[in-house]
Amino acid sequence: MGRYLPGIGLSVAIAVAATWLGELHWLREYGISALVIAMSIGMLAGNLVYARIESACAPGVAFSRQVLLRTGIIFFGIHLTLNDIARVGLPVMLADVLILVSTFGLALLVGTKLLKMDANTIFLIGAGSSICGAAAIIATDPVVRGRPEQVSVAVATVVVFGTIATFLYPALYQLNLHWQWLPASPGAFGIYVGSTIHEVAQVVAAGRSLGPEAANAAVVAKMLRVMLLPVFLLVLSFHIVRRRNALLPGHASGRARVTVPWFAFGFIVVVALNSVMAMPVAITQAVAHIDALLLTTAMAALGLTTHGSAFRLAGKKPIVLAAVLFAWLVVGGAWINFRLVGVS
């Protein structure tokens, strides 16, 4: 265990600093979460000083990226109960499902057919855009087995377009109040926000600027998208296996097997327990804080293993793909919410 301590300690130290910075008012206003800050600090340290201590820290950093990440995803279920789903009803869940499927499907189409990108980057950007930003990306990584630089590039796209969304959606809300393009109450617009903006922190930032009714609806709609993560990971694993095996002869050895995302099912168990057990608020809050630290530590470890050259080598295609998906979330997401599903 001793060989893991230096890397874990370094990752945790960055996570603690990122958590403190994430509490600063001006960063919270713009939806810049501790996850993103941790990755940024990690990248800075990784490109400036990490090479000197990498031999001592590598095992612990890898442990943080893998084991602590999966544990954090499991505990992430503490934020949601089955009552949240029942409260908003079937139409909102249907909207979330349609937005997830359409956004990820568009990522596959544009990324593969038009941009000719590598599959892992497409999967990661698609997951981040269609579900819950950086948390979805790092949860998807163990299934697709992407390289650290692919994960970091995907997270960067979430930062760029999620930050734009925190400014754009409040402006769209005010314009809609004036022009009445959509029959949107504050609650309905909040659901639109929660079902289409990338990060939880970005949803909170945008929702707060619309008022308490919109903010509450936005968070619930967003957490329902998070609830879809385990199913998404399992389906994606089947897709990856079928895709890889299709490239092999009929009964060739070395055929890929489905990677079952057990940590995602752990997430569902935590949601279920949180729904049926009346846990004290203090315990719930403590678990939520531990979960936040675990995920932030994983993001710090990711940053430490990402070289700045990765963004230069990735080129413009990831940004182009993320921009297309963002445009669909804004326009297509509005159509699904206010026309097809009839959320009002």
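**A helical chain with a sharply kinked α7**

Glutamine 150 is found in helix α8, which covers residues 148-179. The model is a predicted one. In it, glutamine 150 has a relative accessible area of 5%. This residue therefore counts as buried, the cut-off being under 20%. Its side chain makes a polar contact with the side chain of aspartate 118, at 2.9 Å. Glutamine 150 also touches Asn120, Thr121 and Leu124, with residues up to four places away in sequence left out of the count.

Asn120, Thr121 and Leu124 are among the residues touched by glutamine 150, and helix α7 runs over residues 119-144. Helix α7 departs clearly from a straight course. A straight helix of 26 residues would span 38 Å at 1.5 Å a residue. The end C-alpha atoms of α7 are only 9 Å apart. A kink of about 135 degrees is present in α7. The kink is centred on isoleucine 131. Burial extends along the helix: 26 of the 26 residues of α7 are buried. Just after α7 comes arginine 145, which takes a positive phi of about 60 degrees.

Helix α12 offers a contrasting case. It covers residues 229-245 and has 17 residues. From first C-alpha to last, α12 reaches 24 Å. That is close to the 24 Å expected at 1.5 Å a residue. The buried residues of α12 are Leu229, Pro230, Phe232, Leu233, Leu236, Ser237, Ile240, Val241 and Asn245. These buried residues pack against four helical elements: α6 (90-114), α7, α11 (212-227) and α13 (262-276). The kinked α7 is thus one of the packing partners of α12.

Two further positions were examined, in α14 and α16. Threonine 296 is found in helix α14, residues 281-304. It counts as buried because its relative accessibility is 2%. The side chain of threonine 296 reaches the backbone oxygen of alanine 292 at 2.6 Å. Beyond four places in sequence, threonine 296 touches Ala15, Ala18, Thr19, Ala34, Leu35 and Ala38.

Alanine 323 lies in helix α16, residues 317-340. With a relative accessible area of 29%, alanine 323 is partly exposed. Its C-alpha atom is separated by 7.3 Å from that of phenylalanine 161. The two residues are 162 residues apart along the chain.

At the level of the whole chain, the secondary structure comes to 16 helices and zero strands. The C-alpha trace spans about 60 × 55 × 40 Å along its principal axes. The radius of gyration is 20 Å. A compact globule of 344 residues would have a radius near 20 Å, so the chain agrees with that expectation. Of the 344 residues, 52% count as buried. The accessible surface comes to about 15500 Å². Carbon and sulfur atoms account for 69% of that surface.

Contacts link distant parts of the sequence. Among contacts between residues at least 6 apart in sequence, 82% join residues at least 24 apart. The contacts of threonine 296 with residues including Ala15 and Ala38 are examples of residue pairs from separate parts of the chain.

Key: Residues numbered from 1 in each chain as written. Predicted model: local features only at pLDDT ≥ 70, side-chain atom pairs only at ≥ 80, totals over all residues. Heavy atoms only, no water. Helix = DSSP H or I, 4+ residues; strand = E, 2+ residues; numbered from the N terminus. Expected span 1.5 Å × (residues − 1). Bend = angle between axes of the 7 residues up to and from the residue. Buried < 20%, exposed > 50% of the residue type's maximum accessible area, 1.4 Å probe, protein only. Rg over C-alpha atoms; globule rule 2.2 N^0.38 Å. Contact = heavy atoms within 4.5 Å. Areas by Shrake-Rupley, 256 points an atom, 1.4 Å probe, with all protein chains shown as cover. Polar contact = N/O pair within 3.5 Å; in protein donor to acceptor, adjacent residues only side chain to side chain.
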